[in-house]
Amino acid sequence: MPTRIETFMRNANLLIDFAFKYVFGEDCKEANDALKSLLTEFLERKVHHVVVKNSELVKDYSKMKNPRLDLLVEFDDRTMVDLEMQLRQTKDHLSIRFSYYLARLHSSQELEGKYYGEIKETIVLVFFNVNLIDNNRMCNTFTLKNEDGLSFVKETEDRMKIRTVEMAKLDVNKPLKEMNEQEKMIYYFLNCHKGMDDSKIKVMIESDGVIQMLEKRVETISDDGWKK
């Protein structure tokens, strides 16, 4: 029976949380540029500067049981983002789990001697490979609202957000020319292990600067011995 690390090496792609963290969270310029592109696309805001607060990689993945390999990211304005790739094919308690992560991240800010108005924005950005939300949107943002959709605080002051990306909602048969940039990136996540054997991946690698950047990062998994 193959070991966990052998299985990982044969199947590594961006749906595996360790590979996801390796590609976007390694302490190097290439990974940081890829991370900025990812956050710009899925938070729908221009990201100029980010720092990964936990860029250290797991040294012996094969011996760990259910490691949590999120990326804790800080913007130059001190906005904090908990970025996760959730591969498990289950919906059990995910909404409770990520609400807890958001609350914990928000309350981790140091407020001694400061005003509440100085609290910085916190975001949990999570990629699922399941359909969790009952609508047709691949990306959804959740904030504090009442039953009628009225915000508890002004939109400009809403500093706690959960942003979900439901990759299973992507129509993988959709023509490439009809996909937006978010859909292209998700398609790449789902199929990057196929490389140039996939016609859509091939076109994206040849013509899309962001996908080219991601492909170079994915190739480092193979170069470093993570993927055969």
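A residue is termed buried when its relative accessible area is under 20%, exposed when it is over 50%, and partly exposed in between, with a 1.4 Å probe and protein chains only. By this criterion R78 is partly exposed, with a relative accessible area of 40%. The structure is a predicted model, in which local features need pLDDT of at least 70 and side-chain atom pairs count only at pLDDT 80 or more, while totals for chains, interfaces and linings use all residues. Residues are numbered from 1 along each chain as its sequence is written, and side-chain values use heavy atoms, with hydrogens and water left out.

The secondary structure of the protein chain comprises seven helices and six strands; these are DSSP runs numbered from the N terminus, with helices being H or I runs of at least four residues and strands E runs of at least two. Read from the N terminus, the order of elements is α-α-α-β-β-β-α-β-β-β-α-α-α. The protein chain has 228 residues, of which 45% count as buried. Its exposed surface is about 13000 Å², and carbon and sulfur atoms supply 50% of this area; accessible areas come from the Shrake-Rupley method with a 1.4 Å probe, and for residues only the protein chains shown count as cover. Among contacts in the protein chain with a separation of 6 or more, 65% are accounted for by residues 24 or more positions apart, contact being defined as heavy atoms within 4.5 Å.

Toward the start of the description of helix packing stands the pair α2 and α3. Helix α2 (residues 17-25) packs against helix α3 (residues 29-43) at an angle of about 105°, and the two axes are 6 Å apart. Here axes are lines fitted to C-alpha atoms, for helices over the stretch in contact, and angles run from 0 to 180 degrees between N-to-C directions. The angle makes α2 roughly perpendicular to α3, given that angles under 35 degrees count as roughly parallel, over 145 as roughly antiparallel, 65 to 115 as roughly perpendicular and the rest as oblique. On the α2 side the contact is formed by F20, V23, F24 and G25, and on the α3 side by A31, A34, L35 and L38. Seven of these residues are nonpolar, one is polar and none is charged; Ala, Val, Leu, Ile, Met, Phe, Trp, Tyr, Cys and Pro count as nonpolar, Asp, Glu, Lys and Arg as charged, and the others, Gly among them, as polar. Eight of the nine residues of α2 are buried, so this helix is largely enclosed by the rest of the structure. The buried residues of α2 are F18, A19, F20, K21, Y22, V23, F24 and G25.

A second helix pair is formed by α5 (residues 181-191) and α6 (residues 199-207), which pack at an angle of about 120° with their axes 10 Å apart. The two helices are therefore oblique to each other. The contact involves K184, Y187, Y188 and N191 of α5 together with K200, I201 and M204 of α6. By class, four nonpolar, one polar and two charged residues take part in the contact of α5 with α6.

The loop between α5 and α6 contains H193. This histidine is partly exposed, with a relative accessible area of 42%. The C-alpha atoms of H193 and E219 are separated by 9.8 Å, and the two residues are 26 residues apart along the chain. Helix α7 (residues 209-223) contains E215, which is buried, with a relative accessible area of 12%. When residues up to four places away in sequence are not counted, E215 touches Y188 and I205.

In strand β4 (residues 122-128) lies L125, a buried residue with a relative accessible area of 0%. Residues up to four places away in sequence aside, L125 touches L39, F42, L43, V81, D82, L83, E84, R163 and V165. The C-alpha atoms of L125 and R163 are separated by 4.7 Å, although the residues are 38 residues apart along the chain.

Positive phi values in residues other than glycine include those of E44, near 55°, and R78, near 75°. E44 is located in the loop between α3 and β1 (50-52) and is exposed, with a relative accessible area of 58%. R78 is located in the loop between β2 (71-75) and β3 (80-86).
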